[in-house]
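The following exercises are to be worked with the sequence and the coordinates at hand. Each task is followed by a solution in steps.

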Amino acid sequence: MSFIQKLPIKWKITALSFGIVAFSLVMLGIVLLGYASDMKEDELRQQAIVSGQTVAQDADVQQALSTGADRDVVQRIAEQTRMINDNDYIVVLNMNRVRLSHPITQRIGTLYVEDDADAAFSEHLYTNKASHESGVTVRSFVPVIDDDREQVGVVVAGNVLPTLWELMYDFRHAAYLVALMIAVFGAWGSWMLAHHIKKQTFDMEPEELARVLMERKATFNAIHEGVIAIDGAERITVANEVAREMLNIQGNPEGKKVHHVLPDTRLPEIVQHEEAVYQKEIYIQNRLVLSNRIPIKMNGKTAGAVAIFQDKSEVDHLARELTGVQSFVDALRVQNHEYSNKMHTIAGLIQMDESKKALDYIFEVTSEENERTHLLKQRIHDDSITGLLLGKMNRGKELGYEVVLDSRCFFEQCPEGMTTHDVAVILGNLIDNSFDALESVERDDQRVNVLLFQDEYELVIEVSDTGSGIPEKVRNCLFERGVTTKGSEKERGIGMFLIQSIVERIDGHVEVHSELYEGTEITVVLPMGRGGYHEQSSIS
């Protein structure tokens with residue numbers, strides 16, 4: 001048994017397939033032999049009836065049986081008929097059951113003592129089978145009727161049935177040929193099947209496949225992100241533990257249609273369109289996730305798709321932490337630079353014995369900062385957004401740009417399906433893009449206008465600048481990942497892509513108006529409730 005277990009899978013499949021073919025051949029041979037045996041029995045039965053009727057209808061036999069004279073003619077006619085029809089024996093009995101003919105001459109004149117001929121002496125014609133020392137015989141019993149319609153005797157004609165070995169011997173040449181052909185083609189087909197299966201399993205043995213499968217499951221379950229894969233028939237082939245827990249999947253979903261288990265994964269779209277989608281925010285089971293969906297290619301054809309996704313709340317939490325750290329760094333740097341200048345101004349005034357001017361300057365700076373902070377807090381009811389705007393205004397001041405907040409600014413809560421981080425991503429990226437656009441222009445009026453307005457229907461974020469504008473070729477693909485007006489620097493070309501992802505997720509829209517060397521105005525309109533936006537903005 002250990003030797004068989006150590007055999008390569010190719011040889012096991014070959015042996016099993018050929019064994020099945022050989023077994024099928026044996027079964028087919030047994031069925032065919034049985035069918036041939038039945039046909040041979042029917043043939044010999046009919047042959048016995050014909051021989052019996054031939055002898056019974058002979059006039060000389062009828063006369064000999066009626067008169068009891070010239071009995072030798074009965075033996076002669078019976079033997080002639082037996083030889084011609086190739087019967088094993090033909091026995092003629094008179095009404096006293098005395099044998100008048102027999103292949104064994106010593107039995108002529110003896111009594112036929114078997115009772116299976118009783119019905120024949122009552123003018124019945126029939127056949128039966130009997131076992132003798134020579135084997136199983138099929139016999140016919142034919143009554144002999146003379147011209148006066150009187151029964152004068154019975155003819156018993158018999159043939160010994162061939163054994164199965166004799167039948168096989170008769171068909172030996174055909175059987176040898178068929179067996180040879182089946183053996184050759186069976187072995188060849190088995191080998192080709194084994195080779196094909198081996199190729200399909202990447203020349204791996206069953207234990208290797210089992211190990212790879214276990215490693216794959218362990219790997220998928222060790223991944224922190226959710227993983228769901230489907231095949232070409234849209235059946236789930238992989239769903240790791242993170243995905244099941246995150247999406248509240250009950251039971252084992254593998255093997256089930258994905259739209260029966262998770263109708264909103266959008267994985268079938270990837271199989272149909274054969275295009276990957278990266279960093280897309282979608283709702284699955286009413287949970288916002290950040291998803292990468294990629295087609296699975298095999299031999300150049302799409303064989304399925306895989307989705308790798310992460311709970312957006314975790315991503316937002318991480319982003320807020322990272323953004324917070326960066327904001328602190330920028331704020332400290334700007335504040336350090338700004339207050340350094342202010343301290344130098346105050347120190348200079350004091351050295352010039354202008355104490356009153358120094359004090360007035362301090363009050364002026366403090367009042368300006370307090371007024372700006374108070375105004376923002378009155379209109380922007382979110383500390384994160386307020387902090388972002390203050391930081392951007394300070395950053396603009398450091399760069400020499402004026403950041404102007406529209407007097408209509410008002411923000412109280414995020415639209416449904418969005419977080420404060422989403423609003424910060426949109427607003428922060430638009431302002432940063434305006435800063436970048438102002439770098440390449442030389443004019444006195446370098447300004448960024450910011451409007452953040454909200455009513456019961458929609459949230460409008462509008463940022464305009466007096467910068468360099470957007471070239472038309474860039475404008476046509478502005479929201480694609482990696483597209484930037486800043487050359488091919490790393491970490492560029494992601495801001496507008498993120499904005500478009502957020503906008504599409506809640507069915508908002510973006511309007512871009514730009515003139516080269518004049519400036520750019522980008523308006524983002526976001527519906528407060530999921531299900532669409534108003535075509536006419538409330539801001540005019």
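**Exercise 1. Identify the residues that are linked with Glu41 in a network of salt bridges, and place Lys129 in its strand pairing.**

Step 1. A salt bridge is taken as a side-chain nitrogen of Lys or Arg within 4 Å of a carboxyl oxygen of Asp or Glu. Under this criterion Glu41, Arg45 and Lys129 are linked in a network. The model is a predicted one: local features need pLDDT of at least 70, side-chain atom pairs count only at pLDDT 80 or more, and totals for chains, interfaces and linings use all residues. Residues are numbered from 1 along each chain as its sequence is written, and side-chain values use heavy atoms, with hydrogens and water left out.

Step 2. Lysine 129 has valine 138 in S3 as its bridge partner. Helices (H or I, at least four residues) and strands (E, at least two) are DSSP runs, numbered from the N terminus, and two strands pair if DSSP finds at least two bridges between them.

Step 3. S2 and S3 run antiparallel and are joined by 7 bridges. A hairpin with 2 residues connects S2 to S3.

**Exercise 2. Characterise the salt bridges of arginine 139, arginine 244 and arginine 408 by distance and by accessibility.**

Step 1. The count of salt bridges comes to 15. Among them, arginine 139 meets aspartate 116 at 2.0 Å, N to O. Arginine 139 belongs to strand S3 (residues 135-145), while aspartate 116 is in the loop between strand S1 (89-94) and strand S2 (126-132); this pair links distant parts of the chain, 23 residues apart.

Step 2. For accessibility, buried means under 20% relative accessible area, exposed over 50%, and partly exposed in between (1.4 Å probe, protein chains only). Arginine 139 and aspartate 116 are both buried.

Step 3. In the salt bridge of arginine 244 with glutamate 254, the closest N and O atoms are 3.6 Å apart. Arginine 244 lies in helix H8 (residues 241-246) and glutamate 254 in the loop between H8 and helix H9 (258-261), so the salt bridge ties together parts 10 residues apart in sequence. Arginine 244 is partly exposed because its relative accessibility is 25%. Glutamate 254, with a relative accessible area of 30%, is partly exposed.

Step 4. For arginine 408 and aspartate 406, the closest N and O atoms of the salt bridge are 3.0 Å apart. Arginine 408 has 35% relative accessibility and therefore counts as partly exposed. Aspartate 406, at 24%, counts as partly exposed.

**Exercise 3. Derive the strand order of the open sheet that contains S5 and S9, and explain why S6 and S7 are its edges.**

Step 1. The sheet has 5 strands in the order S6-S5-S9-S8-S7, with antiparallel pairing. Strand S6 (236-239) and strand S7 (277-284) each have a single partner strand, so one side of each is left without a neighbour in the sheet.

Step 2. Neighbouring strands are turned by 25° against each other on average, direction ignored. Axes here are lines fitted to C-alpha atoms, for helices over the stretch in contact, and angles run from 0 to 180 degrees between N-to-C directions.

Step 3. Strand S5 (residues 226-231) and strand S9 (residues 301-311) are joined by 6 bridges and run antiparallel. Isoleucine 228 is opposite alanine 307 in S9. Helix H16 (residues 495-505) packs on the sheet, where it touches S7 and strand S8 (287-298), and its direction makes about 25° with that of S7. Contact means heavy atoms within 4.5 Å.

Step 4. S8 and S9 run antiparallel with 10 bridges between them, and valine 289 has aspartate 311 in S9 as its bridge partner. The hairpin of S8 and S9 has 2 residues between the strands, and asparagine 299 in the turn has a positive phi of about 55°.

**Exercise 4. Describe the surroundings of isoleucine 230: is it buried or exposed, and which residues does it touch?**

Step 1. Isoleucine 230 is located in strand S5, opposite alanine 305 in S9. The C-alpha atoms of these two residues are separated by 5.5 Å, although the residues are 75 apart along the chain.

Step 2. Isoleucine 230 counts as buried because its relative accessibility is 1%.

Step 3. Not counting residues up to four places away in sequence, the residues that isoleucine 230 touches include Ile236, Val258, Leu267, Val271 and Ile296.
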